[in-house]
Amino acid sequence: MTSTRTAIVVGGGIAGPVAALALRRAGIEATVHESHTGTADGVGGALSVAPNGRAALDFVGLDRVGAPMNAIVLQNHRGRTIAEFRQPMQFTWRADLYRRLYDLALSEGVDVRHGHEVVGVQETATGIRAVFADGTTSEEADVLVGADGLNSTVRRLIDPEAPKPRYSGLLGFGARVDGAGLPPTGDRMYMAFGRRAFFGYQSFDDGTGVWFANLPHPYLTWRQVRQTPNEQWLRRLAEVFDGDAVPALELLRRTPPEDLVTAGPMEDLPHVPHWHRGRMVLVGDSAHATSPSSGQGASLAAESAVELARALRDLPYDQAFVAYERARRARVERVIAEGARTNSKKAAGPVGRLVRDAVLPLVARLATPEKMAWQYDHRIAWDAPVTA
Ligand SMILES: Cc1cc2nc3c(=O)[nH]c(=O)nc-3n(C[C@H](O)[C@H](O)[C@H](O)COP(=O)(O)OP(=O)(O)OC[C@H]3O[C@@H](n4cnc5c(N)ncnc54)[C@H](O)[C@@H]3O)c2cc1C
């Protein structure tokens with residue numbers, strides 16, 4: 001049985017609510033502190049939920065979210081299919097997944113407090129408190145879980161030398177389109193390596209569609225991206241896809257500028273040396289951000305949140321943190337490395353394109369369900385006891 005009774009969760013994004021819900025199932029009362037003063041409705045672009053992430057979300061009681069995406073068809077700039085990957089994924093908007101988790105957490109009695117930006121901690125002999133930007137502090141708890149994302153404050157509190165996010169060289173954009181003007185792609189997402197940028201799209205029976213683009217670009221923060229008017233980004237995207245045999249121009253033309261989603265720089269964190277110190281521990285992007293190209297960011301965050309709760313259920317917090325990291329590190333770093341390899345293909349030059357187009361069909365043939373099982377079939381063995 002755990003000696004941990006209470007937890008402070010820093011961050012009310014994806015990992016935070018999942019952690020709070022999973023901790024409750026482990027008998028630990030968690031309060032979520034989120035820096036934003038309001039909810040994150042309508043913010044963020046598209047993301048996918050993989051079967052492994054689906055299972056972790058199922059565990060905390062969140063049923064299906066988004067549209068089925070059972071195959072990814074990869075094409076080159078001439079519109080030729082070079083590979084097809086079949087996996088039962090779900091395609092959703094970050095805002096929708098966030099809202100569903102937020103509502104679920106509230107309905108289960110999780111205390112979510114907004115406008116609580118954590119800037120420090122006070123550690124005592126018996127527990128830990130979060131210190132907020134306005135100088136106030138939280139109640140004392142047994143542990144503090146840093147679910148505060150890519151630019152985590154808790155990561156820096158654990159290790160002031162902790163690495164900063166690594167930029168992939170790509171900016172992310174996307175939109176939902178009411179009248180896509182395309183034949184339905186069913187449960188298939190088409191992704192195309194254009195000559196200058198990467199484009200993905202899916203169109204549905206009701207005439208709506210979604211698209212996303214990854215644009216090679218010097219580094220800009222999300223705020224800097226937003227300083228350029230959406231009209232200008234849409235024009236830039238139309239320029240880079242001009243001449244490619246993908247329906248990018250059609251979908252861009254049908255995207256009202258106000259509907260353009262600017263997801264910002266695509267970044268990852270290949271290796272965070274310290275995931276915990278004292279009563280603090282990291283979960284989700286704060287510990288293991290993978291670039292959106294892996295399609296696993298939200299899924300790994302959900303998995304880690306459940307695995308952490310399982311360890312805290314069975315072991316004193318210091319041993320639990322070690323067991324949790326042992327269960328997670330190799331897996332998440334492998335996924336992050338795969339995501340980074342995908343990014344390099346998206347920004348390939350002319351020679352890289354030839355190699356990529358030759359190699360990808362082989363990669364797809366080798367990516368059998370058995371070969372990919374390590375990634376997609378992973379399940380948290382909640383009922384099995386965790387040992388030190
Ligand atoms: C606004 C937003 C939009 C996103 N859009 C996309 C997208 O389009 N595509 C994609 O693949 N991924 C996107 N992501 C990232 C995606 O949500 C994560 O990769 C993944 O789901 C892991 O989630 P997480 O909870 O670990 O981190 P996040 O989802 O980043 O959540 C972290 C939360 O912590 C809060 N926070 C940060 N610092 C503090 C602090 N000091 N004190 C208190 N709270 C703090 C943040 O406000 C945020 O709510 C987005 C994240 C955010 C925050």
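Biologist: How far is a polar side-chain atom of D285 from an oxygen atom of the ligand?
Modeller: This is a predicted model, where local features need pLDDT of at least 70, side-chain atom pairs count only at pLDDT 80 or more, and totals for chains, interfaces and linings use all residues. Residues are numbered from 1 along each chain as its sequence is written, and side-chain values use heavy atoms, with hydrogens and water left out. E34 puts a polar side-chain atom 2.6 Å from a ligand oxygen. For D285 the distance is 2.7 Å.

Biologist: Which residues come nearest to the ligand?
Modeller: There are 29 residues around the ligand, a residue being near if one of its heavy atoms lies within 4 Å. The nearest are A15, E34, G45, R94 and D285.

Biologist: What area do domain 1 and domain 2 bury between them?
Modeller: Bounds come from an automatic or database domain assignment, giving domain 1 (6-67 + 92-165 + 270-346) and domain 2 (166-267). In contact (heavy atoms within 4.5 Å) are 17 residues of domain 1 and 14 of domain 2. Buried area is the accessible area (1.4 Å probe) that two parts lose on being put together, summed over both. Here 67% of it is on carbon and sulfur atoms, and the value is about 1,400 Å².

Biologist: Which residue forms a salt bridge with R176?
Modeller: A salt bridge needs a side-chain nitrogen of Lys or Arg within 4 Å of a carboxyl oxygen of Asp or Glu. The count between the two domains is one. For R176, the closest N and O atoms are 3.6 Å apart, and the partner is D96.

Biologist: And how far apart are the C-alpha centres of domain 1 and domain 2?
Modeller: Domain 2 covers 166-267, while domain 1 is made of three segments, 6-67 + 92-165 + 270-346. Their C-alpha centres are separated by 28 Å.

Technical notes
A polar contact is a pair of N or O atoms within 3.5 Å; within protein, one must be able to donate a hydrogen and the other to accept it, and residues adjacent in sequence count only if both atoms are side-chain atoms.
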